[in-house]
Amino acid sequence: MENEAAIISNKEKLYRRRKQLVPNAVGIFNPSSVVEAHGAIMIDADGNELIDFAGGIGVINAGHCPPPVVAAIQQQAEKLIHSSFNVALYEVYLDLAAEMVKLLPHGKATKVMFLNSGAEAVENAIKIAKQVAKRNAIISYEGAFHGRTMMAMSLTSKVAYKAGCGPFAPEVYRLPYPSYSKHVHDVPEEKFAADEIKRLKQFFKTQVRAEDVAAIIIELVQGEGGFYVASKPYIKALRKLCDEHGTLLIFDEVQSGFGRTGKWAAYEHFDVLPDISTWAKSMGSGMPIAAVMGKANIMDAAAPSTLGGTYAGNPIACAASLATLQYMQEIDINALGERVGRIVYERFQHFQQAYPSLIGEVRGLGAMLAFDVVKNGDWNEPNTAATQQIITACAEKGLVIISAGVHANVIRILSPLVIEETLLHKGLDILEHVIKEIA
Ligand SMILES: Cc1ncc(COP(=O)(O)O)c(C=O)c1O
């Protein structure tokens, strides 16, 4: 026993305790451990340095433990940890709200409320939309991921995430995700978008009346779905159609926001504004904070006391988020996102050309980039086993990376955007080395 204790790693000891104490259903997306982290480097339980390409699932755009965010957390913790915003209001909530409205205006007047997680933001966005429209139905998309609470799970597409958890919220309808790819569609993008809008109009005849649809919710770049990008002409036409029918358009920016696509919001690439939007992940550098934003008249139409939560927008999370947003402006997070995107896209294209038997389509927007892992060079044959092999082998070589996709065959990059170029290339070299070995 003593010998065994001496040779097993600290990480292995942690995983053994996890197995004993934590339910199996809490997923393991990567077999790593961490004790501390700064910038784009994590130190694991055995003192090894790991390069972080996962960013705690897209949360660490501004890097691990940015000094101004750490200082803001410390200062706030000394003054006020909690009062509940509904009971005794505090200024840092309002300062953060003002900053969000400044960066992400939804037209002339915008309002914002804070929550604790992306799923909670989605729940509240739907509650607001239903009240405003006075309708019950919601449309979401195949491949969508909106969270793990009941409404968010009902909107989520990947059925493996919902196994045995029904019945789900009623009046949720699903359309194919409108991503255009030259490899898949043999028509120009404008024609593709027009056909998809025609499909939606037909849907209003065969599935649900337009007059019954409160909102359409969409990720402009699907996160967990595998980094598919929505077609711009489709989104523009969708905006028009929603306006014609009094249907609210909700953009879920939980994974795509705050520099990840090279802009504060993915919607800035589409020249379209949502009525309501949801935010979380990188806005708090790891503190649990999320937001629902919307046009002021829409946000104000929800009835008093229908929105809230004990911890929603707690002072420390607000202080961390405010410091994160200020720091992101200082370092020009969007330019960093573009830079990471350029480097990764070039390397991914090379991976595809050099290892075509294993690497399929490369896609994404800005630094929100991914590639498919396929069997025998067939882009329609997902290779889930090889994807898992890549993740495990990378972890052994000091690179933390995670998958995505309904077939779990997509390797995605969610590294901190502050990552130094040499470190980014070092991580990509590890990834290429592993791909080469497996291919
Ligand atoms: C687009 C999107 N919406 C909602 C969520 C749910 O966020 P959370 O895990 O904070 O509840 C996620 C999480 O990955 C997401 O990517």
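This briefing covers a ligand site and two helices. The model is predicted. Asp 252, Gln 255 and Lys 281 each place a polar side-chain atom by the ligand, at 2.7 Å, 2.9 Å and 3.0 Å respectively. The protein buries 83% of the 390 Å² that the ligand exposes when taken alone.

**Ligand site**
- The residues around the ligand include Ser 117, Gly 118, Ala 119, Phe 145, His 146 and Gly 147.
- Glu 219, Glu 224, Asp 252, Val 254, Gln 255 and Lys 281 are also among them.
- The Asp 252 contact is to a ligand nitrogen atom.
- Gln 255 pairs with a ligand oxygen atom.
- Lys 281 also has an oxygen atom of the ligand as its partner.

**Helix H9**
- H9 runs over residues 232-245 and has 14 residues.
- Its end C-alpha atoms are 20 Å apart, which agrees with the expected span because 14 residues at 1.5 Å a residue should cover 20 Å.
- Pro 233, Tyr 234, Ile 235, Leu 238, Arg 239, Leu 241 and Cys 242 are buried in H9.
- Cover for these buried residues includes helix H8 (189-206) and strands E5 (137-141), E6 (172-175), E7 (213-218), E8 (248-252) and E10 (290-295).
- Gly 246 follows H9 and has a positive phi, near 65°.

**Helix H14**
- H14 spans residues 421-438, 18 residues in total.
- From first C-alpha to last, H14 reaches 26 Å, close to the 26 Å expected.
- Its buried residues are Leu 423, Leu 424, Gly 427, Leu 428, Ile 430, Leu 431, Glu 432, Val 434 and Ile 435.
- An α-helix has 3.6 residues a turn, so residues three or four places apart point the same way.

Key
Residues are numbered from 1 along each chain as its sequence is written. This is a predicted model: local features need pLDDT of at least 70, side-chain atom pairs count only at pLDDT 80 or more; totals for chains, interfaces and linings use all residues. Side-chain values use heavy atoms; hydrogens and water are left out. Helices (H or I, at least four residues) and strands (E, at least two) are DSSP runs, numbered from the N terminus. The expected span of a helix is 1.5 Å times one less than its number of residues. Buried means under 20% relative accessible area, exposed over 50%, partly exposed in between (1.4 Å probe, protein chains only). Contact means heavy atoms within 4.5 Å. A residue is near a molecule or strand if one of its heavy atoms lies within 4 Å of it. A polar contact is a pair of N or O atoms within 3.5 Å; within protein, one must be able to donate a hydrogen and the other to accept it, and residues adjacent in sequence count only if both atoms are side-chain atoms. Accessible areas come from the Shrake-Rupley method with a 1.4 Å probe; for residues, only the protein chains shown count as cover.
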